[in-house]
Amino acid sequence: MSKTTRKCWLTFEGGRQSEPCLWKLTRKYPDVVFDIRQASVQKDIGVMAVLFEGDEAEVQAALDYLVELGVKVDPVE
């Protein structure tokens, strides 16, 4: 298993900023560790810089799951 670290911008819109998306991620992917590095949450939008760590396949599956939940996921360049 290959370990990876990915830093992503997460954008929550359309009411997603009020949902526990990261909590849901921890329940489904308990081996993926995340660290919120920066966040700004407003009434209409939420933006977070999050560092994800874990097995490469698990991290990718967790990020795909966030997209399924309606979260926009962009890598930090």
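Visitor: How many bridges join strand 2 to strand 3, and what makes two strands a pair?
Guide: Eight bridges join strand 2 to strand 3. Two strands pair if DSSP finds at least two bridges between them, so these strands qualify. They run antiparallel. One bridge sets F34 opposite its partner F52 in strand 3. A hairpin of three residues joins strand 2 to strand 3.

Visitor: What kind of model is this, and how are its residues numbered?
Guide: The model is predicted: local features need pLDDT of at least 70, and side-chain atom pairs count only at pLDDT 80 or more, while totals for chains, interfaces and linings use all residues. Residues are numbered from 1 along each chain as its sequence is written, and side-chain values use heavy atoms, with hydrogens and water left out.

Visitor: What makes a stretch a strand or a helix?
Guide: Both are DSSP runs, numbered from the N terminus. A helix is a run of H or I with at least four residues, and a strand is a run of E with at least two.

Visitor: Which strands form the sheet, and in what order?
Guide: Four strands form an open sheet, ordered 2-3-1-4 with antiparallel pairing. Strand 2 and strand 4 (72-75) each have a single partner strand, so they stand at the edges and one side of each lacks a neighbour in the sheet. From one strand to the next, the twist averages 25°. Angles here run from 0 to 180 degrees between N-to-C directions, and axes are lines fitted to C-alpha atoms, for helices over the stretch in contact.

Visitor: How do you know that strand 1 and strand 3 pair?
Guide: Count the bridges. Strand 1 and strand 3 are joined by 11 and run antiparallel. Among the bridges, W9 meets A49 of strand 3, and E13 meets I45 of strand 3.

Visitor: Why is F52 called buried, and why is F34 called partly exposed?
Guide: Buried means under 20% relative accessible area, exposed means over 50%, and partly exposed lies in between (1.4 Å probe, protein chains only). F52 has 0% relative accessibility, so it counts as buried. F34 has 26%, so it is partly exposed. Strand 3 as a whole is mostly covered, with eight of its 11 residues buried.

Visitor: Why is the pair of F34 and F52 called tilted?
Guide: A ring pair is described by the distance of the centres and the angle of the planes. Rings of Phe, Tyr and Trp (its six-membered ring) pair if their centres lie within 6.5 Å; planes under 30 degrees apart count as stacked, over 60 as edge-to-face, and the rest as tilted. Two aromatic pairs meet this rule. The centres of F34 and F52 lie 6.4 Å apart and the planes meet at 45°, so this pair is tilted. It links distant parts of the chain, 18 residues apart: F34 in strand 2 (residues 33-41) and F52 in strand 3 (residues 45-55).

Visitor: What makes T4 and T11 buried, and what do they touch?
Guide: T4 has a relative accessible area of 16%, so it is buried. T11 has 14% relative accessibility, so it is buried. T11 belongs to strand 1 (residues 3-13), and T4 is in strand 1 too. Contact means heavy atoms within 4.5 Å. Leaving out residues up to four places away in sequence, T4 touches F52, E53, G54, D55, E56 and V59. With those again left out, T11 touches I45, G46, V47, V71 and K72.

Visitor: Where is V59, and is it buried or exposed?
Guide: V59 is in helix 2. Its relative accessibility is 0%, so it counts as buried. Its contacts include R6, V32 and F52. V59 and R6 are 53 residues apart in sequence, yet 8.1 Å apart in space, C-alpha to C-alpha.

Visitor: Where do the helices lie?
Guide: Helix 1 (residues 21-28) lies across strand 1, strand 2 and strand 3, at about 170° to strand 2. Helix 2 (residues 56-68) lies across strand 1, strand 3 and strand 4, at about 160° to strand 3.

Visitor: Why are helix 1 and helix 2 called oblique to each other?
Guide: Angles under 35 degrees count as roughly parallel, over 145 as roughly antiparallel, 65 to 115 as roughly perpendicular, and the rest as oblique. The helices pack at about 140°, with axes 10 Å apart. They are therefore oblique. The contact is made by C21, L22, K24, L25 and K28 of helix 1 and A62, Y65 and L66 of helix 2.

Visitor: Why is K28 called partly exposed?
Guide: K28, in helix 1, has 46% relative accessibility, so it counts as partly exposed.
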